[in-house]
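Reader: I'd like to learn how to read a few features off a model like this one. Can we go through it together, starting with a single side chain?

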Amino acid sequence: MKNTVIIILFAMSLLSSCTIRQDYNQQLLKADSLMQFRPDNALNILKSISSEKLSTRADNAYYALLLTQARDKNYLDSLQSDSLIKIAVDYYKDDGVKAGKALFYYGKVAALQDNDTLAIQAYLSALAKLEKTEEYKLQGFVHEYIGVLNTDRKLYKDALDNYQSSAYCFQKAVDTLGVI
């Protein structure tokens, strides 16, 4: 009888831990789905998740990428630390789109830290990861940000090339709402 009770309690604790993890996955997915048009709501969802409770490297990387993106889209100064986005950069090395997105935000953080060399390296790495994808909107943003850095460095011809590449990517992007 005692063993049966212990086994039942053990099984219930396993089931509840799976349910909690599943709940965090659902919250991350919901935040991701809200990111483009409701970044403030996405940020609130992400703030409600305790990063210590995320159990896998995949969840931590996804959380780090989404939180960095939400902070950026909400114009928060907390984007200035690279430790959060570095988690996503390190994890998504082999995932084209997520690696490209993580490297893009890593470049933005480096640019905010006035490390233009690291920012351009991150942006160029992002483009390399994205070149075989159809993420034209993100590619357009990467080209645009490289252009901004080249303008700041008074490399106007290079900046113009970057802006033209950006415009080309934005034209190829499927944007039914006309956001771009």
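Author: Sure, and keep in mind that this is a predicted model. Let's begin with burial.

Reader: Okay, is Asp72 buried or exposed?

Author: The general idea is that a residue under 20% relative accessible area counts as buried. Asp72 has 15% relative accessibility, so it falls on the buried side of that cut-off. You'll find Asp72 in helix α3, which covers residues 57-73.

Reader: And which side chain does the side chain of Asp72 join in a polar contact?

Author: For that you look for a pair of N or O atoms within 3.5 Å. Here the partner is Lys108: its side chain and that of Asp72 make a polar contact of 2.8 Å.

Reader: Let's try a serine. Where does Ser166 lie, and how do I read its burial?

Author: Ser166 is part of helix α8, residues 156-172. Apply the cut-off again: with a relative accessible area of 4%, Ser166 is buried.

Reader: What is Ser166 in contact with, leaving aside its neighbours within four places in sequence?

Author: Gly140, His143 and Glu144. With Gly140 there's a polar pairing to look at too: a polar atom of the Ser166 side chain sits 2.8 Å from the backbone oxygen of Gly140.

Reader: Now helix pairs. At what angle do the axes of α4 and α5 cross?

Author: Roughly 150°, with the axes of α4 (residues 83-91) and α5 (residues 96-112) coming within 9 Å. Angles over 145 degrees count as roughly antiparallel, so that's the label for α4 and α5. As for handedness, their crossing is left-handed.

Reader: Which residues meet where α4 packs against α5?

Author: From α4, look at Ile85, Lys86, Ala88 and Val89; across from them in α5 are Ala102, Leu103, Tyr105, Tyr106 and Val109. Sort that contact by class and you get eight nonpolar residues, one charged and no polar ones.

Reader: Zooming out, how many helices and strands does the protein chain have?

Author: Eight helices and zero strands, so to speak a plain α-α-α-α-α-α-α-α when you read along the sequence.

Reader: And what percentage of the chain counts as buried?

Author: The figure is 36% of the 180 residues. One more number for the whole chain: take the contacts with a separation of 6 or more, and 53% of them are between residues 24 or more positions apart.

Notes. Residues are numbered from 1 along each chain as its sequence is written. This is a predicted model: local features need pLDDT of at least 70, side-chain atom pairs count only at pLDDT 80 or more; totals for chains, interfaces and linings use all residues. Side-chain values use heavy atoms; hydrogens and water are left out. Helices (H or I, at least four residues) and strands (E, at least two) are DSSP runs, numbered from the N terminus. Buried means under 20% relative accessible area, exposed over 50%, partly exposed in between (1.4 Å probe, protein chains only). A polar contact is a pair of N or O atoms within 3.5 Å; within protein, one must be able to donate a hydrogen and the other to accept it, and residues adjacent in sequence count only if both atoms are side-chain atoms. Axes are lines fitted to C-alpha atoms, for helices over the stretch in contact, and angles run from 0 to 180 degrees between N-to-C directions. Angles under 35 degrees count as roughly parallel, over 145 as roughly antiparallel, 65 to 115 as roughly perpendicular and the rest as oblique. A crossing is left-handed if the near helix is turned anticlockwise from the far one by less than a right angle, and right-handed if clockwise. Contact means heavy atoms within 4.5 Å. Ala, Val, Leu, Ile, Met, Phe, Trp, Tyr, Cys and Pro count as nonpolar, Asp, Glu, Lys and Arg as charged, and the others, Gly among them, as polar.
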